[in-house]
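Biologist: Please take me through the labels in this entry. I would like each one traced back to its value and its cut-off.

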Amino acid sequence: MYSFEYPYILALFLLALACSWFCQEKKRAIYFPHTQLLSSLTQSSHILMNTLRVLILSTLIIGLASPIKTEQIILDNTKGHEISLILDASGSMASFDKFRIVKEIMLDFISKRTSDKLALSVFADFAYTVVPLTYDKKSVIKMLDNIEIGVAGRRKTALYEALFLSSKLFNHSKSKERVAILLTDGKNNTDSVPLEVAIERAKANKIKVYTVAVGDPRDYNAEVLNYIAKSTGAKFFAANSATSIQNIYQQIDQLEKSDININQYDQKTYYFHYPLSVALALLLIYFWRKNTWILNK
Amino acid sequence: MMLAQEILLRAKKQVFTNKSAGELSKIRGEGLDFCEIRPYEFGDDIRKINFSASGKTGELQTNIFNENKQINVVICIMLSSSLHFGSQCLKSETIAQIIALLSCSSIKQHNQTQLVFFAKNKQKLFQLNNTGDVLRAIEAMLSWDLLNTKSDFQALNQHLLQSKKSLTFIVGDFYHNDDYSLMAHKNEINALVVRDKLEETPNFSLELDLVNPENNSTIQANMDKRLALKYYKKLKTQDDQLFSHFAKHGINSGKLYTDEDAFSKLSQILRQ
């Protein structure tokens, strides 16, 4: 983020403005005939010199205010959370525009997780990992934005496979806080991975699996989802409106707050030399224009 | 600053010790100095008909003479605030010297001499019959409050059109592009442009506030060599237009700088 290290220095602009009116340079004055002709010749030079003065002063004040770019650097990654987002992309998610609503809520959730590693998996006929655990939030957001219903088939719901696959992402994890958020609107109807195997894998990798069911309660198996959540030490949520889904993600966000303050610092990149260099260059041009002994050679 | 007395004494010395031939006017009129023969026109004096020439050509011819009787000399000073400038001496002082020289010269030749100062809403007329009158005219010139004074070309034009045909000297710095054709048609005009070299090439090598003496408005300018050159070129273009206008209408003209000897420069200009 760009800002000024000493923003109060910018108040000098007001002082300079007042000075340009009240503290004008007193020059020697003489009577000169036919100033009309002379003024037509000096007009462009006058404008140039005044512009140079304003630019020099502005760049100097900006340089003094020290423009900086601040970036947050996290020293200890193990203090942050590692979150795997598992999203149902089966055909049933198209009804009532659920998929779009869920995507928007998830995008908002991702933007709030400033110091966490994130992963994204989708499932339908089969499960696959879209983005493995990464700090590159921009990539996660971009990929999530591009996912459409049908990318992993339309007819089935490989829920357990998705949980298993997602749990494998944490195999080499160093973080103490490992979370998976599994969102679905249906029941598992594939037999690629048994439920117990998937839960065991999640437990082995110490992953808290929050399960979120959306839509009609008759469509999903609340017991199974609750079982998954309870077994891994997390919670089960059910929602049938956009607001309630939003609330669920907010709750998860609050439950899994990262303690990052002690592990990060602001890295400042200073840019004062750029306006100062410009000021110096303009100053040279100004003196070259003004210094009559050069021009009078 | 030179005193009026000093200016007059110098002018008298230069004029009265100069042995020049009696000046003849180029104005055509009553006189003995034969000029030309031309066909008779309605209104010409029938006593001037040259019968010998008429007999040869078969149509009436009349003699034309240059006027060599006492002529009217009018010295017109175009006063303006821009005359309050000078590096060696003020332009107004140079004009005072010109007044002294022209007046003394005219009085020496027993001409009817008139001096008129033209300024906006103010005119002053002097009949110069002797050196005492010349001294008073010089004093008036030197003591004129030039600041905030504007030149009045209309008054000059009107005066010259209404008065008798005369040998006229118009003195000023001619910064305005006025039309002198009407007055030149009636009078024999000499335009004397008084300038200072520093005002034409204002290389002060300083950043200055330049005050217009006419209205006290100020402009800021870095008066370096480059600007001086640009100003000179533009002024020269204006002056070239002015002198070509003079030439077109038969006006004898010349430029006289404040650092030059007024007498010799005047002689040079008027000999043209």
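Modeller: What follows is a set of questions and answers on a predicted model.

Biologist: How many helices and strands does chain A have, and what share of chain A is buried?

Modeller: Chain A has 10 helices and 10 strands. Buried residues account for 43% of its 297 residues. The accessible surface of chain A is about 16200 Å², with 59% of that belonging to carbon and sulfur atoms. Among contacts in chain A between residues at least 6 apart in sequence, 83% join residues at least 24 apart.

Biologist: Why is helix α5 of chain A called largely enclosed?

Modeller: The helix covers residues 159–168, and seven of its 10 residues are buried, so the rest of the structure largely encloses it. The buried ones are Leu159(A), Tyr160(A), Glu161(A), Ala162(A), Leu163(A), Ser166(A) and Ser167(A).

Biologist: What makes Thr184(A) count as buried, and what does Thr184(A) touch?

Modeller: Buried means under 20% relative accessible area. Thr184(A) has 0% and therefore counts as buried. Thr184(A) belongs to strand β7, residues 177–184 of chain A. Leaving aside residues up to four places away in sequence, Thr184(A) touches Asp88(A), Phe123(A), Thr157(A), Leu159(A), Val212(A), Ala213(A), Val214(A) and Leu225(A). Leu159(A) is also one of the buried residues of α5(A).

Biologist: Why is the link between the side chains of Thr184(A) and Asp88(A) called a polar contact?

Modeller: The distance is 2.7 Å, and the cut-off for such a pair of N or O atoms is 3.5 Å. Another aspartate, Asp116(A), reaches the backbone nitrogen of His81(A) with its side chain at 2.8 Å. Asp116(A) sits in the loop between α3 (98–112) and β5 (117–123) of chain A. At 2% relative accessibility, Asp116(A) counts as buried.

Biologist: Why is the pair of Phe32(A) and Phe204(B) called edge-to-face?

Modeller: A search of the whole structure finds 18 aromatic pairs over all chains. For Phe32(A) and Phe204(B), the ring centres are 6.4 Å apart and the planes stand at 80°. The limits are centres within 6.5 Å for a pair and planes over 60 degrees apart for edge-to-face, so both conditions are met. This pair crosses between chains: Phe32(A) is in the loop between β2 (28–31) and α2 (35–64) of chain A, and Phe204(B) is in the loop between α7 (197–200) and β8 (206–211) of chain B. Phe32(A) is buried, at 0% relative accessibility.

Biologist: What makes the pair of Tyr210(A) and Phe237(A) stacked?

Modeller: Their centres are 6.3 Å apart, with 25° between the planes, and stacked requires planes under 30 degrees apart. The two residues are 27 apart along the chain, Tyr210(A) in strand β8 (residues 207–214) and Phe237(A) in strand β9 (residues 236–239) of chain A. Tyr210(A) counts as buried at 4% relative accessibility, and Phe237(A) is buried at 7%. In chain B, ring pairs link Phe153(B), Phe174(B), Tyr180(B), Phe243(B) and Phe246(B) into a cluster.

Biologist: Why is Leu276(A) called partly exposed, and which patch includes Leu276(A)?

Modeller: Partly exposed lies between the 20% and 50% limits. Leu276(A) has 33% relative accessibility and therefore counts as partly exposed. Leu276(A) lies in helix α9, residues 273–290 of chain A. Together with Leu60(A), Tyr270(A) and Phe272(A), Leu276(A) forms a nonpolar surface patch of about 310 Å² accessible area.

Biologist: How do you know that Asn50(B) is buried and that Leu128(B) is buried?

Modeller: The limit is again under 20%. Asn50(B) has a relative accessible area of 16% and is therefore buried. Leu128(B) has 1% and is therefore buried. Asn50(B) is placed in the loop between β1 (28–39) and α2 (51–57) of chain B. Its side chain reaches the backbone nitrogen of Ser52(B) at 3.3 Å. Asn50(B) touches Ile37(B), Gln61(B), Thr62(B) and Asn63(B), not counting residues up to four places away in sequence. Leu128(B) lies in strand β5, residues 122–128 of chain B. With the sequence neighbours up to four places away left out, Leu128(B) touches Ser103(B), Ile107(B), Thr113(B), Leu115(B), Asp133(B), Val134(B) and Ala137(B).

Notes
Residues are numbered from 1 along each chain as its sequence is written. Chains are lettered from A and ligands numbered from 1 in the order in which they are written. This is a predicted model: local features need pLDDT of at least 70, side-chain atom pairs count only at pLDDT 80 or more; totals for chains, interfaces and linings use all residues. Side-chain values use heavy atoms; hydrogens and water are left out. Patches are made of residues with over 30% relative accessible area and no salt bridge: like charges are joined within 9 Å, nonpolar side chains (Val, Leu, Ile, Met, Phe, Trp, Tyr) within 5 Å. Accessible areas come from the Shrake-Rupley method with a 1.4 Å probe; for residues, only the protein chains shown count as cover. A salt bridge is a side-chain nitrogen of Lys or Arg within 4 Å of a carboxyl oxygen of Asp or Glu. Helices (H or I, at least four residues) and strands (E, at least two) are DSSP runs, numbered from the N terminus. Buried means under 20% relative accessible area, exposed over 50%, partly exposed in between (1.4 Å probe, protein chains only). A polar contact is a pair of N or O atoms within 3.5 Å; within protein, one must be able to donate a hydrogen and the other to accept it, and residues adjacent in sequence count only if both atoms are side-chain atoms. Contact means heavy atoms within 4.5 Å. Rings of Phe, Tyr and Trp (its six-membered ring) pair if their centres lie within 6.5 Å; planes under 30 degrees apart count as stacked, over 60 as edge-to-face and the rest as tilted.
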